[in-house]
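Please examine the sequence and the structure shown below. The report that follows concerns the fold of the chain and its salt bridges.

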Amino acid sequence: MSGRLLLIVTLVFLFITSSLYAADKGFGGIGAQVVPTASGEVVVLQVVGNAPASAAGLRPGDLIVKIDGKSLKGLDFKTVTREYLWGFVGDPVQIAWLRPGEAGEKVARLVRVKIDPELLKNPGVRMITPENQ
């Protein structure tokens, strides 16, 4: 088998394998409903009990400033949610946040889980999911 053909076969295999992996894992989050700020960071509006965000100590009013070490300043809300907060179920994510009235940045490593949107119902606030964004 030539080197070029081997490369093509390998790339096709990797594409199919990663697609099956993605389909098997599904999309998930950390269990926090967030709203955007003008500068790009997001404010926690609500957390789901027993979800990773709750277990890590995130609370309504916390300001998420970094995800996986990436500052959210200057990013739009769709980018923050699609590329940083959401991900495959079981994948880790590091969240850094500030809490009003407390000094210093808090950091936690969370693992994304499947979140039932019904648990994040808030009157007057539309839940954005990967399917409806």
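The text turns first to the chain as a whole and then to individual charged pairs.

This is a predicted model, in which local features need pLDDT of at least 70, side-chain atom pairs count only at pLDDT 80 or more, and totals for chains, interfaces and linings use all residues. Residues are numbered from 1 along each chain as its sequence is written, and side-chain values use heavy atoms, with hydrogens and water left out.

**The chain**

The chain contains 3 helices and 8 strands; helices (H or I, at least four residues) and strands (E, at least two) are DSSP runs, numbered from the N terminus. Along the sequence, these elements follow the pattern α-β-β-β-α-β-β-α-β-β-β. Of the 133 residues in the chain, 31% are buried. Here, buried means under 20% relative accessible area, exposed over 50%, and partly exposed in between, with a 1.4 Å probe and protein chains only. Contacts are heavy atoms within 4.5 Å; among those between residues at least 6 apart in sequence, 56% join residues at least 24 apart. The chain exposes about 8,000 Å², and carbon and sulfur atoms supply 61% of this area. Accessible areas come from the Shrake-Rupley method with a 1.4 Å probe; for residues, only the protein chains shown count as cover.

**The salt bridges**

Side chains of opposite charge can pair when their charged atoms come close. A salt bridge is a side-chain nitrogen of Lys or Arg within 4 Å of a carboxyl oxygen of Asp or Glu. The structure holds 5 salt bridges, and the table lists some of them.

| Acidic residue | Basic residue | Closest N and O atoms |
|---|---|---|
| E102 | R59 | 3.7 Å |
| D62 | R99 | 2.8 Å |
| E102 | K106 | 2.8 Å |

E102 forms a salt bridge with R59. This pair links distant parts of the chain, 43 residues apart: E102 lies in the loop between β7 (92–98) and β8 (105–111), and R59 in the loop between α2 (52–56) and β4 (63–67). E102 is partly exposed, at a relative accessible area of 36%, and R59 is partly exposed at 43%.

D62 forms a salt bridge with R99. That pair also links distant parts of the chain, with D62 in the loop between α2 and β4 and R99 in the loop between β7 and β8, 37 residues apart. Are D62 and R99 buried or exposed? Both residues are buried.

E102 also forms a salt bridge with K106. Salt bridges that share partners thus join R59, E102 and K106 into one network. K106 is partly exposed, at 25% relative accessibility.
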